[in-house]
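Here is my note on the model you asked me to look through, set out as numbered points. Please keep the structure open beside the text and find each residue as it is named.

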Amino acid sequence: MENIFIKNIKGLVQVGEDFPERIGGADAGQIPIIENAFLALEQGCKVVAYGSMEDWDGIDDWRNLEVIDAEGCYVLPAFCDAHSHTVFAETRASEFVDRIKGLSYEEIALKGGGILNSARALAELSEDALFERSYSRLEKIIESGTGALEIKSGYGLTIESELKILRVIQRMKEKSPIAIKATFLGAHAFPIKYKNDHEGYINEIISDMLPAIANENLADYIDVFCERNYFSVDEMERILTAGKEIGLVPKVHVNQFSTMGGVKSAIDQGALSVDHLEELNEADIKALVGSTCMPTFLPGCSHFLGIPYGNARALIEKSIPFALASDFNPGSTPCYNMSQIWSLACIKMRLTPEEALNALTINAAYAMGLQHSHGKISLGNTSPIILTKAIPSLGYIPYSFGEHLIQRVFTKR
Ligand code: NIG
Ligand code: FE
């Protein structure tokens, strides 16, 4: 049914009309909650009324209305996942075993595995098959509570394959009940052909790929993997500058394994977000103070690769807002489940459940340009909403890691 009335909600979370665009510092520990609440939705998830059950004055029209008794359950805005690589051909479980046996992520990549391995598999798959696989992943992602998803290209590394990925993302946007943003990540790795000719590949990105993407209007953002053995700060600057010329906003991978000055450079380039940040030095933090760029941590990647977790507490001390995202991809983070990300943020980054939830909703929506519509429950919003199972507290979700606690996700009809 299109119209839904949820009553007796134990806690209606992240609800209200007066949210800042970003939340940082001491405020990050606060989440507005109405206890013993009701919520009325039209067209699947459009918020038309909410409040305390005590203030509820009945329903005029019960026709076409599904009534849900949410006793013991929480209702919260769906998570926004501002960093994913959801469109890929194959998993990389064999590399997982190589890593267990002692090879590092970087060593596997230097042997021709890693991103290049994913690119080989993707080149062989038709656009239709890639769409089918990616869309069925999206359905599971939505079921797990994600209500907006950013998806990167970057497993193409040729103009044909990069366009194939971006066209798949475009088709996903058209069919999906949740908002999707597309990011062009041609600068994800140097293909074998250009191993000793970095200039040649950068020229291909700037002179061939970007004009083709502009021509079909296939991307919202531009990303570069700025890292040793990948793209230098100078190379990133040139690629971002060219991307901006066709209207793409920078949103970049920096500081996963090393600090090279990429954070400051990306901020100077007007990046909407700087993502990864497992390594973060004083100069990086200084560059973030007062900027409008959203630092985004990816604790699923730290967990899976066994690398450090980003120092989110240092940012809280400096009142710098930050987001959390999944980084879902076959190489470094085969997990899209944002409840798991919530757990890792609490357990490993020492964030309170509330601090982490602001980073998964309000600040995450900002990191994908959806701050006006997503990450909160406000009148008129049409962004997806989560109903949990009966649980003892909100913090029980990250506490009970690995347990599936989402009963239902409401999306637009
Ligand atoms: O964000 N670090 C770069 N890109 C992905 C991993 C890519 C892969 O290994 O397939 C990441 O972790
Ligand atoms: Fe990533």
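1. A word on residue classes comes first: Ala, Val, Leu, Ile, Met, Phe, Trp, Tyr, Cys and Pro count as nonpolar, Asp, Glu, Lys and Arg count as charged, and the others, Gly among them, count as polar. With these classes, the lining of the second largest cavity divides into five nonpolar residues, one polar residue and three charged residues. Please bear in mind throughout that this is a predicted model.

2. Which residues stand behind those counts? The second largest cavity is lined by Arg-92, Glu-95, Phe-96, Arg-99, Tyr-105, Ile-108, Phe-304, Pro-330 and Gly-331, and the space inside this cavity is about 50 Å³. Two elements, helix H1 (93–100) and helix H2 (105–110), give two or more residues each to the lining of the second largest cavity, and H1 provides the largest share, which is three residues.

3. In total, three cavities of 30 Å³ or more are counted, and the largest of the cavities has a volume of about 100 Å³. There are 14 residues lining the largest cavity, and those closest to its centre are His-85, Tyr-105, His-188, Asn-329 and Ser-332. By class, the lining of the largest cavity is made up of eight polar, four nonpolar and two charged residues.

4. The metal site deserves a careful look, since His-85 appears again there among the donors. The iron ion (ligand 2) is coordinated by the NE2 atoms of His-83, His-85 and His-253 and by an OD atom of Asp-327, at 2.1 to 2.2 Å. Along the chain, the donors of the iron ion (ligand 2) follow the spacing H-x1-H-x167-H-x73-D.

5. Are His-83 and His-85 buried or exposed? A residue counts as buried when its relative accessible area is under 20%; His-83 is therefore buried, because its relative accessibility is 0%, and His-85 is also buried, because its value is 2%.

6. Ligand 1 has 15 residues around it, of which Tyr-105, Tyr-155, His-188, Gln-256 and Ser-332 come nearest. Ser-332 has a polar side-chain atom 2.5 Å from an oxygen atom of ligand 1, and a polar side-chain atom of His-276 lies 2.8 Å from an oxygen atom of ligand 1. In the case of Gln-256, an N or O atom of the side chain is 2.6 Å from a nitrogen atom of ligand 1.

7. Turning from cavities to pockets, the largest pocket has a volume of about 370 Å³. Its lining holds 17 residues, and Ala-109, Leu-110, Leu-116, Phe-190 and Asn-229 are the closest to the centre of the pocket. H2 and helix H3 (115–123) each supply at least two residues of this lining, with H2 giving the most, at three residues. The classes here are nine nonpolar, five polar and three charged residues.

8. The second largest pocket contains about 290 Å³ of space. Of the 16 residues that line this pocket, Phe-5, Ala-40, Val-48, Ile-59 and Leu-65 are the closest to its centre. Strand E1 (3–13), strand E2 (33–42) and strand E3 (46–52) are the elements that give two or more residues to the lining of the second largest pocket, and the largest share, four residues, comes from E2. By class, this lining has 10 nonpolar, two polar and four charged residues.

Definitions and conventions: Residues numbered from 1 in each chain as written. Chains lettered and ligands numbered in written order. Predicted model: local features only at pLDDT ≥ 70, side-chain atom pairs only at ≥ 80, totals over all residues. Heavy atoms only, no water. 1 Å grid on protein atoms, 1.4 Å probe; cavity = no way out; pocket = protein on both sides within 12 Å on 5 of 7 lines; lining within 4 Å. Points joined across faces, edges and corners; volume = space filled by probe spheres on them. Donors = N, O, S within 2.8 Å, 3.2 Å for Na, K, Ca; no water. Buried < 20%, exposed > 50% of the residue type's maximum accessible area, 1.4 Å probe, protein only. Near = heavy atom within 4 Å. Polar contact = N/O pair within 3.5 Å; in protein donor to acceptor, adjacent residues only side chain to side chain.
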